[in-house]
Amino acid sequence: MDKETIFVTGIDTDAGKSYATGWLANWLAAKGRSVMTQKFVQTGNEGRSEDIELHRRIMNRDMAEEEYPLTAPMIFTYPSSPHLAAKVDGRELDIAVIDAARKQLEERYDTLLVEGAGGLMVPLTERYLTIDYVTDNDLDVALVTNAKLGSISHTLLALEAIARRNLRLKYLLYNTHFDTDPVIAPETRSYIRNYVAEHFPDAQWLEVPSMSL
């Protein structure tokens with residue numbers, strides 16, 4: 001079985017990436033793959049990763065077996081972009097540490113889902129963006145979007161960045177949790193789906209159901 005690593009990013013910081021990552025892990029596991037998730041940089045926490053904990057609740061996986069040095073290799077206390085959180089904590093965001101943890105997980109599982117922090121253009125350091133990390137490691141991308149007002153523009157901007165870097169969009173994860181406006185939601189879903197079908201024909205459209213945990 002071929003190995004794969006997929007970077008899960010969103011159109012903004014509240015797109016529902018963590019829910020979508022846990023749901024996608026289950027969807028892939030149901031197809032017979034061994035799956036693990038990683039939060040490559042966690043901010044706003046200390047000694048734990050709330051996003052990893054959410055993944056595990058969705059995956060029904062025992063947190064007692066959690067290996068934070070691998071699944072959450074960089075944790076910062078301030079809830080901000082990683083480059084600022086590192087400054088506040090007086091620590092360095094070490095890409096080598098993240099890489100080493102990712103590679104160990106890649107060896108152990110068929111599929112690794114790496115959840116980003118915010119969107120693709122979020123700075124990890126002063127001169128290194130999240131999209132640089134995805135590009136440098138040649139990772140497939142799963143983009144999480146939704147039907148909130150403004151999502152069409154945010155989604156197309158993310159897709160433009162993906163295309164410009166010649167990245168592979170594997171999944172478009174449409175988070176149905178935000179389908180609250182009966183006029184905006186169906187038009188947003190239809191517009192984004194048609195755009196992806198035209199410009200990223202190899203990408204798979206998946207709808208993430210609303211979850212209450």
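**Exercise 1. Decide whether Phe7 is buried or exposed, then find its aromatic partners.**

Step 1. Phe7 has a relative accessible area of 0%, so Phe7 is buried. Here buried means under 20% relative accessible area, exposed means over 50%, and partly exposed lies in between, with a 1.4 Å probe and protein chains only. Before going on, please keep in mind that this is a predicted model, where local features need pLDDT of at least 70, side-chain atom pairs count only at pLDDT 80 or more, and totals for chains, interfaces and linings use all residues. Residues are numbered from 1 along each chain as its sequence is written, and side-chain values use heavy atoms, with hydrogens and water left out.

Step 2. Now look for rings. A search of the whole structure gives 5 aromatic pairs. In one of them, the ring centres of Phe7 and Phe40 are 5.3 Å apart and the planes stand at 85°, so this pair is edge-to-face. Rings of Phe, Tyr and Trp (its six-membered ring) pair if their centres lie within 6.5 Å; planes under 30 degrees apart count as stacked, over 60 as edge-to-face and the rest as tilted.

Step 3. Place the two residues. Phe7 sits in strand β1 (residues 4-10) and Phe40 in the loop between β2 (35-39) and α2, so the pair links distant parts of the chain, 33 residues apart. Helices (H or I, at least four residues) and strands (E, at least two) are DSSP runs, numbered from the N terminus.

Step 4. Follow Phe40 onward. Phe40 is buried too, at 0% relative accessible area. Phe40 also forms a tilted pair with Tyr133, 5.2 Å centre to centre with 50° between the planes. Tyr133 belongs to helix α6 (residues 130-136), 93 residues from Phe40. The result: Phe7, Phe40 and Tyr133 form one aromatic cluster.

**Exercise 2. Work out which residues Glu53 touches and which polar contact its side chain makes.**

Step 1. Glu53 lies in helix α2 (residues 50-59). Its relative accessibility is 19%, so Glu53 counts as buried.

Step 2. Leaving out residues up to four places away in sequence, Glu53 touches Arg48, Met63 and Tyr68. Contact here means heavy atoms within 4.5 Å.

Step 3. The side chains of Glu53 and Arg48 make a polar contact at 2.7 Å. A polar contact is a pair of N or O atoms within 3.5 Å; within protein, one must be able to donate a hydrogen and the other to accept it, and residues adjacent in sequence count only if both atoms are side-chain atoms.

**Exercise 3. Find the salt bridges that Arg189 forms with Asp179 and Glu207.**

Step 1. The structure holds 16 salt bridges, each a side-chain nitrogen of Lys or Arg within 4 Å of a carboxyl oxygen of Asp or Glu.

Step 2. Asp179 and Arg189 meet through their side chains at 2.6 Å, N to O. Asp179 is in the loop between β7 (169-175) and α8 (184-199), while Arg189 is in helix α8.

Step 3. Glu207 bridges to Arg189 as well, with the closest N and O atoms 3.1 Å apart. Glu207 is in strand β8 (residues 204-208), 18 residues from Arg189.

Step 4. Check exposure. Arg189 has a relative accessible area of 22%, so Arg189 is partly exposed. Asp179 is partly exposed at 26%, and Glu207 is partly exposed at 31%.
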